[in-house]
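Thanks for coming. I have one structure to go through today, and I will keep to strands first and a helix pair afterwards. Please have the model open.

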Amino acid sequence: MHRTIRILHFSPSTATGRHDSHRACLGIVRSAQEAVVGLGLGHRVELIWALPAITSKEKVRALLEGGDVLVVATPTYGQGSPWFVRKFFELTTGCPIWGKPATAFATSGGNHTGGETAVGDCLRSLQGIGAATFSFAQKTLVFGTNQKFAHDGEFDLVDVWFMRQFGRTLLLHAVLRDAPDAGAETARRLGLRTDYYEDFPSRTAAAQQLGALCDALNAPLHGGPAAYGEWSRQLGQDCAPPDAGRLGFADLLPAPLDRSHPPK
């Protein structure tokens, strides 16, 4: 049976114009798709913009009921969950998804600036409607894009390694829906371990395996919106960040920062 992994994202996430959450989703989608091909399966990976759905309980229900494995990609606001992701879950009352595998990850300015709170909120809300929640082994996935030895907004090799392993984990849970006894063998073929920290790649090995993907995720920061064209060709869908300006509640979102005049 062909299963669908559905990733729900809430871009633009912040006022930086970097679309951190959206770009992280692209890395995870590509990793999951490559794993599907590697195992010779027919599973699908969907990336869906969930932000417009927060005005309609019916739209929220449709997003949750579709897909066999659900992923919520949340940004971080004010040390925790953004209001629009909370609004999304407020509309899930009476919409049970009993037993459906579901998870969440976050992007955040720093690794310890509330992203884990945003992830925990999402997982608790998914549990509240009956989902069987999971994470990547022992790690709560938060991709920090500031406060590290890299240019603001850039993902590092270690970020991309976790994106790849997370994408593979999503596929594993999709496979387990039809073959619950295949977990150990499928995990072995995907290179997944719960004790991943015992076999963490060196920076040289990570660069060889994931350097191109890391560069592609950071390309929009340096090459502008045109860099998303290559992503669209690779993933077979429009990968440009969606325009939230047309939404009826756009004035409640952070105003884009004006980068034309650098701070003095």
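**Strand pairing and one helix contact**

In strand β5, Ala 132 is the bridge partner of Pro 101. Before I go on, note that this is a predicted model. That bridge belongs to the pairing of β4 with β5, residues 132–133, which is parallel and has two bridges.

Let me stay with β4, which covers residues 101–108. It also pairs with strand β6, residues 142–144, again in the parallel sense, over three bridges. Here Ser 108 of β4 has Gly 144 as its bridge partner in β6.

Then there is β3, residues 69–74. Five bridges join β3 to β4, and the two run parallel. Two of the partners can be named: Val 72 is matched with Ala 104 of β4, and Thr 74 is matched with Ala 106 of β4. The connection between these strands involves helix α3, residues 83–90: β3, α3 and β4 form a β-α-β unit, and the unit is right-handed.

β3 also pairs with strand β1, residues 4–9, through five bridges, and these two are parallel as well. In that pairing, Ile 5 has Val 69 of β3 as its partner.

Now burial. How many of the residues of β4 are buried? Eight of the eight are, so β4 is largely enclosed by the rest of the structure. As general background, side chains in a regular strand alternate between the two faces of the sheet. For β4, one side carries Pro 101, Thr 103, Phe 105 and Thr 107, the other carries Ala 102, Ala 104, Ala 106 and Ser 108, and all of these are buried.

β3 is mostly covered too, with six of its six residues buried. Its two faces are Val 69, Val 71 and Ala 73 on one side, and Leu 70, Val 72 and Thr 74 on the other; both faces are covered.

Last, the helix pair. Two packed helices are described by the angle between their axes and the distance between the axes. For helix α1, residues 20–39, and helix α6, residues 183–190, the angle is about 110° and the axes are 11 Å apart. An angle of 65 to 115 degrees counts as roughly perpendicular, and α1 and α6 are therefore roughly perpendicular to each other. The crossing of α1 past α6 is right-handed. On the α1 side, Ala 35, Gly 38 and Leu 39 make the contact; on the α6 side, Thr 186, Arg 189 and Leu 190 do.

That is what I have; questions are welcome.

Note on methods:
Residues numbered from 1 in each chain as written. Predicted model: local features only at pLDDT ≥ 70, side-chain atom pairs only at ≥ 80, totals over all residues. Heavy atoms only, no water. Buried < 20%, exposed > 50% of the residue type's maximum accessible area, 1.4 Å probe, protein only. Helix = DSSP H or I, 4+ residues; strand = E, 2+ residues; numbered from the N terminus. Pairing = 2+ DSSP bridges. Right-handed = clockwise from strand over helix to strand, strands pointing away. Axes fitted to C-alpha atoms, helices over the stretch in contact; angles between N-to-C directions. Parallel < 35°, antiparallel > 145°, perpendicular 65-115°, else oblique. Left-handed = near helix turned anticlockwise from the far one by under 90°. Contact = heavy atoms within 4.5 Å.
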